[in-house]
Amino acid sequence: MDLNQFSDKQKAVLKQFREELKDCQLPDSEDAYLIRWLIARDFDLARGGKMLRNSLDWRRKYKIDTLLDDYKPPEVLAKFFPAGFVGRDKYLNPLWVVRYGRTDMKGILRSTKKRDYVMKVIHLVESSIWLVTSNPGKYKRSPDAIVQSTIIFDMEGFSMQHITNKQAMESAVKLVQIYEANYPEYLHRVFVINAPTIFSIGFSMIKPFLNERTRNKIQIYGHDSQQWKPAILTEVNPEELPVAYGGTLTDPDGNPNCVAMVNMGGEVPKSYYFAGKPDTTNKKSLTVSSGSKEQLEFPVMQVGSVLKWDFHSEEGDITFAIYRKKEGELIPVIFYDRVDCDMSTEEGELRCDENGVYVVEFDNNFSYLRSKKIWYSIKVELASPMKNGTDLDNLY
């Protein structure tokens with residue numbers, strides 16, 4: 001896409017949109033960034049503005065603007081999540097390959113938390129955006145180009161375990177929701193290839209969360225490479241595409257799958273798995289009834305004290321947040337987030353920059369069927385001098 005393809009009326013709406021967002025600190029101030037939100041909401045100023053402001057809140061909550069510098073994925077994701085960049089399509093958009101069928105989702109989600117898996121994918125998306133902004137000459141056909149992405153989803157090896165694994169499907173839905181809400185018009189084309197018959201079951205579960213514009217960009221093919229290779233080559237030049245997918249690109253050693261750029265996934269060794277249920281030694285317990293929440297108060301008498309937590313649930317996830325009481329109100333300090341903590345503990349610490357009462361909240365409002373038993377150890381440690389002028393980061 002290019003800004004020049006829009007009408008004078010749409011450009012006028014874009015100008016007004018920019019004016020209405022003057023109070024926002026945007027991650028990108030270019031027209032090509034702003035117009036994405038208008039396209040996603042049919043150039044409705046109010047709806048586009050609400051969508052963008054909600055996304056900015058999301059970026060602040062999860063520290064997305066510093067993700068590329070701060071986030072280091074767990075080793076199991078680096079070695080066994082087969083997704084990455086291989087080149088560009090004919091429109092100079094970044095080209096991804098995701099070998100989802102070869103992804104051992106059961107093993108990954110027994111070895112790392114859903115949150116880490118989701119953040120790994122967001123990290124890839126943000127990396128794609130960084131590639132473009134750091135090297136516009138390589139990825140932009142013109143200064144007014146609206147750069148998107150082309151993705152090849154290889155479903156070779158896809159099986160019922162990808163569909164019946166509850167955590168895997170929840171993660172897939174979560175990622176679709178995040179992408180639709182925060183990365184409008186970043187997608188040019190999706191090629192789903194080597195899709196077995198049962199893929200339609202999984203796709204039917206994801207489809208309701210895709211907007212129509214996204215659905216129209218997805219092309220699904222079975223195992224017949226004589227169908228999907230020519231389709232991909234209409235969008236991608238051979239020299240930018242691995243030999244395995246119909247191009248001429250290989251690794252330096254001639255590997256046609258370009259595993260130096262995108263690994264082959266495979267079964268996750270059990271040595272990466274979480275070691276059974278977390279220990280309850282020296283922890284207290286509380287039960288959070290379905291559809292309710294529990295709050296624990298911790299007085300902090302000295303600025304710089306550290307609030308530390310270590311908790312897990314006996315079954316399922318729980319929403320966790322920390323607030324500070326101020327004049328009868330609860331001010332968010334650690335924003336609420338659903339935490340999968342039944343296979344491993346959730347640990348973190350917060351440097352308290354103000355005195356007062358801090359409130360730790362376990363919220364089970366999203367669950368109307370079952371209670372959650374939480375084992376926890378939460379304490380306040382008095383302030384101690386910091387070394388080399390460093391500080392403690394908020395962990396969530």
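## Cores, rings and sheets in a predicted model

Trp58, Tyr62, Tyr179, Tyr183 and Tyr186 come together as one aromatic cluster. This is a predicted model, and that cluster is a good place to begin a walk through it. One of its members, tyrosine 186, also has a charged partner: the charged end of arginine 36 sits over the ring, 3.8 Å from its centre. Another member, Tyr183, is listed among the residues with the most contacts inside the largest nonpolar core.

### The nonpolar cores

That largest core has 68 residues, and Phe17, Ile35, Leu52, Phe81, Tyr117 and Ile122 join Tyr183 among those with the most contacts inside it. Helix α2 (residues 31-40) supplies the largest share of this core, 8 residues. There is also a second core, separate from the one just described, with 22 residues, including Val288, Leu296, Val300 and Phe311. As background, nonpolar side chains tend to be buried together in soluble globular proteins.

What does tyrosine 117 touch, leaving aside its neighbours within four places in sequence? Its contacts are Leu77, Phe81, Tyr100, Met105, Leu109, Ser171 and Leu175. Phe81 and Tyr117 are both among the residues with the most contacts inside the largest core.

### Aromatic pairs

The count of aromatic pairs comes to 18. Two of them are set out here.

| Pair | Centre to centre | Angle between planes | Arrangement |
|---|---|---|---|
| Phenylalanine 199 and phenylalanine 203 | 5.8 Å | 20 degrees | stacked |
| Tryptophan 228 and tyrosine 245 | 6.2 Å | 55 degrees | tilted |

Why does the phenylalanine pair count as stacked? The planes of phenylalanine 199 and phenylalanine 203 are at 20 degrees, and planes under 30 degrees apart count as stacked. These two residues are 4 residues apart in helix α11 (residues 199-206), so about one helical turn separates them. Both phenylalanine 199 and phenylalanine 203 are buried.

The tryptophan 228 and tyrosine 245 pair links distant parts of the chain, 17 residues apart: tryptophan 228 is in helix α13 (residues 225-233), while tyrosine 245 is in the loop between α13 and β6 (284-288). Are these two rings in buried or exposed residues? Tryptophan 228 is buried because its relative accessible area is 3%, under the 20% limit. Tyrosine 245 is likewise buried, with a relative accessible area of 2%.

### Two open sheets

One open sheet has 5 strands in the order β1-β2-β3-β4-β5, with mixed pairing. Its edge strands, each pairing on one side only, are β1 (83-88) and β5 (218-220). The twist from one strand to the next averages 20 degrees. β1 pairs with strand β2 (residues 94-98) in the antiparallel sense over 5 bridges, and arginine 88 stands opposite proline 94 in β2. Helix α13, the home of tryptophan 228, lies across β3 (149-154), β4 (187-193) and β5, running at about 165 degrees to β4.

The other open sheet is made of 4 strands in the order β7-β12-β9-β10, and its pairing is antiparallel. Here β7 (293-300) and β10 (329-340) are the edge strands. On average, neighbouring strands are turned by 20 degrees against each other, direction ignored. Strand β9 (residues 317-326) pairs with β10 over 9 bridges in the antiparallel sense, where isoleucine 322 stands opposite isoleucine 334 in β10.

A further charge over a ring closes the tour: arginine 338 lies over the face of phenylalanine 366, at 3.8 Å from the ring centre.

Definitions and conventions:
Residues numbered from 1 in each chain as written. Predicted model: local features only at pLDDT ≥ 70, side-chain atom pairs only at ≥ 80, totals over all residues. Heavy atoms only, no water. Core = buried A, V, L, I, M, F, W, Y, C linked by side-chain atoms within 4.5 Å. Buried < 20%, exposed > 50% of the residue type's maximum accessible area, 1.4 Å probe, protein only. Contact = heavy atoms within 4.5 Å. Phe/Tyr/Trp six-rings, centres within 6.5 Å; stacked < 30°, edge-to-face > 60°. Lys NZ or Arg CZ within 6 Å of the ring centre and 35° of its normal. Pairing = 2+ DSSP bridges. Axes fitted to C-alpha atoms, helices over the stretch in contact; angles between N-to-C directions.
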